[in-house]
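Welcome to a short tour, with your viewer as the vehicle. Please load the model, show side chains as sticks, and follow along from stop to stop.

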Amino acid sequence: MEDFRVRGMLSGVLVISTLFLGLVSVSGTPFAVDGRVLDSRHKMLRSNDAGDVQAQLFSAASVETSYILSDGDVVTCIPIENQPSVFHTNTNDIQLKPSKRPNSKTSSDDNKWTKKASQLFVKEFGGCPNGMIPVRRSRGGISTGSPVANVQSQSAGSQTHYVHQHAYTSTTISHPPSFKGTEVVLNVWQPFVEPRDFSLAQLWVMNTGLSYAPGSDDWALNTIEAGWQVYSELYGDKRPRLFVYWTGDGYVKTGCYNLNQDCPSGSPGFVQVSNKVLLGGSISPHSAMNATQYEIKLRVFKDDDSGNWWLQFNQEFVGYWPKSLFHSLKDESDLIQWGGEVFDVRESNDKTKTHMGSGSPAQSGFREAAYQRNLQFIDMDNKMKDVHELQAVATKPSCYTVFPENNQRWGTHFYYGGRC
């Protein structure tokens, strides 16, 4: 494989001319969308009664369908219809597989430097029985409420700061909305993350709501999010873990991680159907500096027949976000973003030591920096297309950077990350 570090630094001008890249740097709102100043605590754990939810789930579970993984996770298989987001749903209303899906154009590109990453659960146990899904028990017992309470009690003082920093790329906003999803391949790292912070790499499928009247429900920012994340407050350790998230009102009142583990009992949310993928489960192996790069492939796409938004992890259909969760995003997306994020919780103005990606800046290139490659979107005809018009944004370029490129093998791709 060619040395991307040398080629990347030499080709920046050419990329800007061929891809029409708008390379910009902004501060403030994490998303470059007018009128969308978000709550600084967005995507933080919510206060919840999830401990009661898990108690209900696991009390009825069979011991024969519980597993202990080598990373310390305890996983229990439960019937699909018993997951929190479908407690009050008729079993016949659960969509077990997508009716249609776009054809992928992405090759695996496995070679001596890039390999596919997977999850410990499927490697060590293969999966749950048919008709069941794996659910991860929270560390230190059933309750998931204590980390939330700790964060919120510490946030009562006026000196607590919630800071989000991003380094990402995005499409231009499309009016009317014209995207039905995206696919991307991203390498996985285990960055250093300070307590209470998180660091992640993800995709966002969004509708800004700007096509609708201000103040209406449809005007609210809607997002679908998926990627890997290191967040000890949520998972109890510092391993990179697969996560999903959503919000239907710009992170104000709605939004849940994974299988609604930080939302009240009976809340709607992501519906899982795969018996192999463990949401919140660790991804293994992860990339190392100047060594093999381990990757996952993510695809989010709208199923035309049901209107639901499906997630594919590598080759597995994981489940879907029901269309009923959304207002502006119930039909199509008008903005897609890919990149990294650091959430910094602190009581002073000191800089966080939390890393984004590998902790190396974007300019370090292949085998040192984090990357996302083969960026594609799904158009209104349900066809996969390469991304060509791309903007790059770093909210704090003195710490975290992003560097987009293009070549035949990796298509449109970018390096990102860093540390303060």
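How many bridges join β22 to β23, and in which sense do the two strands run? Before you count, a word on the ground rules. This is a predicted model, so to speak with its own filter: local features need pLDDT of at least 70, side-chain atom pairs count only at pLDDT 80 or more, and totals for chains, interfaces and linings use all residues. Residues are numbered from 1 along each chain as its sequence is written, and side-chain values use heavy atoms, with hydrogens and water left out.

**Stop one: strand β23**

Select residues 400-407 for β22 and 411-418 for β23. Eight bridges join them, and the strands run antiparallel. Helices (H or I, at least four residues) and strands (E, at least two) are DSSP runs, numbered from the N terminus, and two strands pair if DSSP finds at least two bridges between them. β22 and β23 make a hairpin, with three residues between them. To see the register, pick tyrosine 400, which stands opposite glycine 418 in β23.

Now add β19, residues 370-378, which pairs with β23 in the antiparallel sense over three bridges. Here tyrosine 371 has tyrosine 415 of β23 as its bridge partner. Is β23 buried or exposed? Eight of its eight residues are buried, so β23 is largely enclosed by the rest of the structure. Buried means under 20% relative accessible area, exposed over 50%, and partly exposed in between (1.4 Å probe, protein chains only).

**Stop two: the disulfides**

Next, select the cysteines. The structure holds two disulfides, a disulfide being a pair of cysteine sulfur atoms within 2.5 Å. Start with cysteine 399 and cysteine 420, joined with an S to S distance of 2.1 Å. The torsion about their S-S bond is about 115°, so this disulfide is right-handed. Cysteine 399 sits in the loop between β21 (391-394) and β22, while cysteine 420 is in the segment after β23, so the pair ties together parts that are 21 residues apart in sequence. Cysteine 399 is buried, at 5% relative accessible area, whereas cysteine 420 is partly exposed, at 34%.

Move on to cysteine 77 and cysteine 128, again with S to S at 2.1 Å. This link is left-handed, with -85° about the S-S bond. Cysteine 77 is in strand β3 and cysteine 128 in the loop between α4 (120-125) and β6 (132-136), 51 residues apart. Both cysteines, 77 and 128, are buried.

**Stop three: the salt bridges**

A search of the whole structure finds 14 salt bridges, each a side-chain nitrogen of Lys or Arg within 4 Å of a carboxyl oxygen of Asp or Glu. Select lysine 43 and glutamate 341, which meet at 2.9 Å, N to O. Lysine 43 lies in the loop between β1 (22-24) and α3 (50-59), and glutamate 341 in strand β18 (residues 335-346), 298 residues apart. Lysine 43 and glutamate 341 are buried.

Then show arginine 299 and glutamate 183, whose closest N and O atoms are 2.8 Å apart. This pair links strand β15 (residues 293-302) with strand β8 (residues 181-187), 116 residues apart, and both arginine 299 and glutamate 183 are buried.

For a last selection, take Asp71, Asp73, Arg136, Asp237, Arg239 and Arg241: salt bridges that share partners join them into one network. Within it, arginine 241 and aspartate 71 have their closest N and O atoms 3.7 Å apart, and arginine 241 and aspartate 71 are buried.
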